[in-house]
Amino acid sequence: MSTVTATEADARPGRPVPVLTSTAVITARNLRRLVRVPTLLVFATVQPVLFVLLFTYAFGGAIHAPGVPHYIDYLLPGLLVLAIGFGASQTGVAIAEDLATGMIDRFRSLPITAAAVLAGRVAADALRNLFVVALMIAVGAAVGFRFHAGPVAALAAVALAVVTGVAFSWLNLLLGLAVRDPESAGLAGLFPVIILFFTSSALVPVATMPGWLQAFAKANPITVITGALRALCLGGPTTRPVLEAIFSLAGLLAVTVPAAIASYRHAAST
Amino acid sequence: MADPVIVAEDLGKRFGDVTALDGVNLELPAGGVLGMLGPNGAGKTTTVRILATLLRPDRGRAWVAGFDVTRNPGAVRRLIGLSGQYAAVDPFLTGQENLVMIGRLYGLTRRQARRRAGDLIDTLELADAGGRLVRTYSGGMRRRLDVAASLLAAPPVLFLDEPTTGLDPRGRLALWQLLGELTARGTSLLLTTQYIEEAERLAGMIVIIDHGKVIASGTPGQLGARAGGDRLDLQSPPGQDPHRVARALATLGTAQPAVDEAAGRVILPVADGAAILPEVAARLAAAGLQVASLALRRPTLEEAFLAYTGPPAGRPPTGPAQAAPGTPGAR
């Protein structure tokens with residue numbers, strides 16, 4: 001006991017903990033989990049690589065996308081969105097797990113703001129996504145992918161992909177806090193991504209779809225984001241598609257961030 | 001008496017159709033230990049969660065160290081440590097990493113958090129496991145790490161919800177000793193428990209909660225006394241039917257004697273034990289009965305608990321449950 005007494009004096013908290021500190025501490029926790037939880041590691045490494053190789057070699061022979069030398073040039077922007085969307089489902093799983101195991105109770109009993117717990121998770125996701133995007137570009141480059149619009153546009157593409165991940169992470173936090181059960185949270189996160197991905201321009205041009213599907217595909221947020229990424233990777237007019245993507249993501253964030261924070265604050269009180 | 005550090009007034013909480021709390025009142029003097037006893041689902045955890053700012057009550061108010069738990073939860077959180085019913089530690093961090101994380105979230109510097117985490121890991125006898133992932137810990141080790149997390153910021157007010165559930169006897173004794181030392185140095189402690197022994201050992205004040213209400217409160221001795229008079233504890237020798245002993249003495253008691261046939265034991269609630277001892281001896285002699293041992297004692301907290309909360313389901317009501325007529329809560 002004497003040892004505990006010795007450190008007790010400087011252990012008493014005085015001021016509220018700065019939000020940047022608490023966010024950084026939670027981010028560090030989630031980054032550690034990313035490399036230690038097997039599922040998370042697979043979602044961040046094996047899966048993105050498989051996406052690039054499988055779609056390139058399974059579809060690349062049959063699909064001839066207009067205006068690009070290789071199908072991978074057309075394909076990679078959509079695959080980035082797919083990998084980020086799948087990865088984000090694990091964020092919903094994780095927050096539901098934290099609810100179930102009492103971690104959220106522990107965090108809520110500490111003198112930190114609610115937003116830090118969620119922001120710390122989103123920040124860790126953003127760092128993971130940066131890694132995933134770099135990995136996919138590297139593997140893509142090995143099978144023929146090239147940026148055609150210069151380094152600035154290439155960096156903008158990476159940034160847009162990461163911002164897309166941020167919006168997906170907030171959406172999945174909201175889903176996880178709403179359904180509360182880890183397995184349901186995983187499905188709730190994956191299902192919309194699968195449906196929206198295959199009904200978007202990610203794999204094939206919208207013009208090749210039947211008329212009734214084209215209207216849906218054009219309004220599909222994955223089409224919008226993929227369109228912007230593709231413009232930044234391949235060249236051509238970028239202003240309009242990028243602005244459309246930014247507006248879509250801003251709209252998604254405007255809804256999901258306050259809703260997720262409110263839902264977190266009330267998560268344990270029902 | 002010192003100013004109360006925890007006050008709860010008429011706390012009520014419903015979850016859908018279920019009334020979890022129905023007007024709970026509590027008071028804990030600074031530096032005191034309050035034990036909450038009650039069956040599963042009585043409302044112990046709900047009370048702790050409200051006091052620890054995790055849950056808003058539907059009605060009533062509560063203060064911790066003078067701060068209103070619903071209006072000023074931030075101030076309350078800087079003063080409390082909480083160990084909930086389930087060990088809330090991250091299985092994919094090591095024990096040390098878990099504690100350093102909590103310390104940093106309390107506002108300690110990295111250095112302070114590391115030193116403090118190391119000390120608590122030693123104190124709770126996790127030294128060999130501090131560097132291992134919590135995933136590899138036993139249930140008891142996780143539990144101890146969770147208690148360590150609640151102690152990290154040396155909080156003046158500590159909430160422990162069933163802290164020794166899942167601990168082995170040695171871990172339980174060690175934790176009792178640690179909690180005893182903390183409270184001796186001024187930490188106020190509110191603990192819920194299913195173990196009467198734990199409440200008796202640690203708590204100066206006990207409340208018994210059932211169906212969301214405080215049905216009894218007092219020191220362990222007071223609660224025992226209110227469960228009704230004394231207990232005459234007789235051991236019938238092997239080969240002699242304990243029911244014969246019970247029948248011979250039944251009219252001396254304030255309630256039906258409880259007979260434990262297998263153990264040959266008879267427990268008789270009596271109003272004034274010392275005064276009837278000669279009559280007990282006379283009746284036993286007249287009936288030709290022998291006793292291997294005879295003891296006159298105060299009711300245990302366990303007997304008081306059952307007297308207040310009713311007999312366990314499925315057991316005939318011959319136990320101490322009906323000890324004293326008019327005992328509140330006896331059904």
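What percentage of the 331 residues in chain B is buried? In this predicted model, buried residues amount to 50% of chain B. For chain A, which has 270 residues, the corresponding value is 49%. The two chains are described in turn below, followed by two helix packings within chain A and the contact between the chains.

Chain B contains 11 helices and 14 strands. Its C-alpha trace extends over about 80 × 45 × 40 Å along the principal axes. When the contacts of chain B with a separation of 6 or more are considered, 66% of them involve residues 24 or more positions apart.

Chain A has 12 helices and zero strands. Read from the N terminus, its order of elements is accordingly α-α-α-α-α-α-α-α-α-α-α-α. The radius of gyration of chain A is 21 Å, which is close to the 18 Å given by the globule rule for 270 residues, so chain A is as compact as a globular protein of that length. Taken along the principal axes, the box filled by the C-alpha atoms of chain A is roughly 75 × 35 × 35 Å. Of the contacts in chain A between residues at least 6 apart in sequence, 80% join residues at least 24 apart.

Helix 7 of chain A, residues 114-142, takes part in two packings that may be followed in the structure. In one of them, the axes of helix 2 and helix 7 of chain A come within 7 Å and cross at roughly 50°. Angles from 35 to 65 degrees fall outside the parallel and perpendicular ranges and count as oblique, and helix 2 of chain A and helix 7 of chain A are therefore oblique to each other. The crossing of helix 2 of chain A past helix 7 of chain A is right-handed. On the side of helix 2 of chain A, the residues that make this contact include Val19(A), Ile26(A), Leu31(A) and Leu34(A). Helix 7 of chain A contributes, among others, Ala116(A), Gly120(A), Ala123(A) and Leu127(A). By class, the residues of the contact of helix 2 with helix 7 of chain A comprise 11 nonpolar, five polar and two charged.

The other packing joins helix 7 of chain A to helix 12 of chain A, residues 239-267, at an angle of about 120° and with the axes 9 Å apart. This angle makes helix 7 of chain A oblique to helix 12 of chain A. Here, too, helix 7 of chain A passes helix 12 of chain A in a right-handed crossing. The contact is formed by Ala114(A), Ala115(A), Val117(A) and Leu118(A) of helix 7 of chain A, together with Ala260(A), Ile261(A), Tyr264(A) and Arg265(A) of helix 12 of chain A. These residues divide into seven nonpolar, no polar and one charged.

The last part of the picture is the contact between the chains. It involves 32 residues from chain A and 35 residues from chain B. Three elements of chain A give two or more residues to the side that touches chain B: helix 1 (2-8), helix 2 (19-36) and helix 6 (103-108). Helix 2 of chain A gives the most to this side, with seven residues. In terms of residue class, the side of chain A that touches chain B has 13 nonpolar, eight polar and 11 charged residues. Helix 2 of chain A thus contributes to the contact with chain B and also packs against helix 7 of chain A.

Conventions: Residues numbered from 1 in each chain as written. Chains lettered and ligands numbered in written order. Predicted model: local features only at pLDDT ≥ 70, side-chain atom pairs only at ≥ 80, totals over all residues. Contact = placed C-beta atoms within 7 Å. Helix = DSSP H or I, 4+ residues; strand = E, 2+ residues; numbered from the N terminus. Nonpolar A, V, L, I, M, F, W, Y, C, P; charged D, E, K, R; others polar. Axes fitted to C-alpha atoms, helices over the stretch in contact; angles between N-to-C directions. Parallel < 35°, antiparallel > 145°, perpendicular 65-115°, else oblique. Left-handed = near helix turned anticlockwise from the far one by under 90°. Rg over C-alpha atoms; globule rule 2.2 N^0.38 Å. Buried ≥ 20, exposed ≤ 12 C-beta atoms within 10 Å, placed from the backbone.
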